Amino acid sequence: MKQKEYAVIDIGSNSLRLMRGWQDAQGSWHLGAKVLETTRLGRDLDRTGRLSIDGMETSFKVMARWYSSLEGISVCAVATSAVREAVDGQAFLAEIRARFGWHCRVISGLEEAALSFCGAASTAEAGQHIVVLDIGGGSSEVAAGVDGIIQWAHSYPLGAVRLTSNAVMTDQEILALEAHCTSQWLPMHTLPDKVIGVGGTLTTLAAMQLDMETYDPRRVDGSVISFENLIRHIERLQRMTVEERRHVPGLQPGRSDIIVAGLVIARSFMRTYGFSEITVSEQDLMEGLFFRDSFHDAAWRSTDSKQEGVL
């Protein structure tokens, strides 16, 4: 018999994601495929201090489409960098609660790092020291640890949307962008056995390396990207227009304008710490929310709560 079903919604700076799952009697999670919609909620946040009006409207439309299929399912909606920083972030979450009855909360940068680590490091071997890099739209999180225990973590204001001032950048602009990223990284004082990368920038990089016409998360998961290949992809994409990038196998059209900035963040990270390769994982913050049993806290509410008046 199928156990109670739950759903996670990740409200990011660049995209809105949905994932469902249920837990069997033995405590194992059975997770469905992730659904992603590009919203650009964090567009121009640094300039305006507010969430994008178009991004909010797009988010509400996407959530409205999802709502009917989530009836009776406990939903945990978490918001990251853009909503964390925007002056109207809490008002946006209040509107979501009013429209859909879901309990939403903002997670801190360190909590975001911990959840991404929990999701990505879940398949690591016992005793294996792991560093997880999560490049998002508005921020990047780094966490290091072993056997599921985090020993060090930090959140940086470095994101693919945040750092894209021009979709097509000159050599000088890219050098300046990388120098800015490099100035942000803090000493990690750890020598990992494995470096894992999560988030849309790095899964897209893996898909491009695989010349993937149709995105297949099973092939992306576990892909190893060398530092040399990362450099080649940046140099190749830098020379293209946004329209030309839309035809690159593995590169989703909606990410074609922000991909270079995201990859420069990755290059700066690997160069700063001397990492020669990074393993891409499909498991990230969303799996972390399930694996850490976040359904036990107040963030989980059934969609029925709207009718009950509990928001």
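Helices (H or I, at least four residues) and strands (E, at least two) are DSSP runs, numbered from the N terminus. With that convention in place, select Asp44, which is found in the loop between strand 4 and helix 1. This is a predicted model, in which local features need pLDDT of at least 70 and side-chain atom pairs count only at pLDDT 80 or more, while totals for chains, interfaces and linings use all residues. Residues are numbered from 1 along each chain as its sequence is written, and side-chain values use heavy atoms, with hydrogens and water left out.

**Two positive phi angles**

Asp44 has a phi near 65°, a positive value in a residue other than glycine. With a relative accessible area of 40%, Asp44 is partly exposed, a class that lies between buried (under 20% relative accessible area) and exposed (over 50%), as computed with a 1.4 Å probe on protein chains only. Move next to His189, in the loop between helix 6 (171-184) and strand 10 (194-198), where phi is again positive, at about 50°, although the residue is not a glycine. His189 counts as exposed, at 78% relative accessibility.

**The pockets**

Return to Asp44 and display its surroundings, since Asp44 is among the residues nearest the centre of the second largest pocket, together with Arg43, Val161, Arg162 and Thr164. A pocket is found on a 1 Å grid over the protein atoms alone, as an open set of points where a 1.4 Å probe fits, with protein on both sides within 12 Å along at least five of seven lines, and its lining residues have an atom within 4 Å of a point. The volume of this second largest pocket is about 250 Å³, a volume being the space filled by probe spheres set on the points, which are joined across faces, edges and corners. Its lining has 19 residues, and helix 1 (residues 45-48) gives the most to it, with three residues. The lining divides into four nonpolar, eight polar and seven charged residues, where Ala, Val, Leu, Ile, Met, Phe, Trp, Tyr, Cys and Pro count as nonpolar, Asp, Glu, Lys and Arg as charged, and the others, Gly among them, as polar.

For the largest pocket, with a volume of about 900 Å³, select Arg17, Lys34, Leu36, Thr203 and Asp284, which lie nearest its centre among 41 lining residues. The elements that give two or more residues to this lining are strand 2 (15-23), strand 4 (35-38), strand 7 (129-135), helix 7 (200-209), helix 8 (217-220) and helix 12 (285-291). By class, the lining of the largest pocket holds ten nonpolar, 20 polar and eleven charged residues.

**Aromatic rings**

A search of the whole structure finds twelve aromatic pairs, a pair being two rings of Phe, Tyr or Trp (its six-membered ring) with centres within 6.5 Å, called stacked if the planes are under 30 degrees apart, edge-to-face if over 60 and tilted otherwise. Select Tyr6 and Trp29: their ring centres are 5.9 Å apart and their planes stand at 75°, so the pair is edge-to-face. This pair links distant parts of the chain, with Tyr6 in strand 1 (residues 5-11) and Trp29 in strand 3 (residues 29-31), 23 residues apart. Tyr6 is buried at 12% relative accessibility, and Trp29 is buried at 15%.

Then select Phe60 and Phe92, whose ring centres are 5.3 Å apart with planes at 40°, so this pair is tilted. Because Phe60 lies in helix 2 (residues 53-67) and Phe92 in helix 4 (residues 89-100), the pair ties together parts that are 32 residues apart in sequence. Both Phe60 and Phe92 are buried. Add Arg99 to the view, as its charged end sits over the ring of Phe60, 4.0 Å from the ring centre; the criterion is NZ of Lys or CZ of Arg within 6 Å of the ring centre and within 35 degrees of the ring normal. Elsewhere, Tyr156, Trp185, Phe269, Tyr273 and Phe275 form one aromatic cluster.

**Cysteines**

Finish at Cys76, in strand 5 (residues 74-79), which is buried with a relative accessible area of 0%. The structure holds zero disulfides, a disulfide being a pair of cysteine sulfur atoms within 2.5 Å. For Cys76, the nearest cysteine sulfur is that of Cys104, 8.8 Å away. The sulfur of Cys118, a partly exposed residue at 21%, is 13 Å from its closest cysteine sulfur, in Cys76, too far for a bond.
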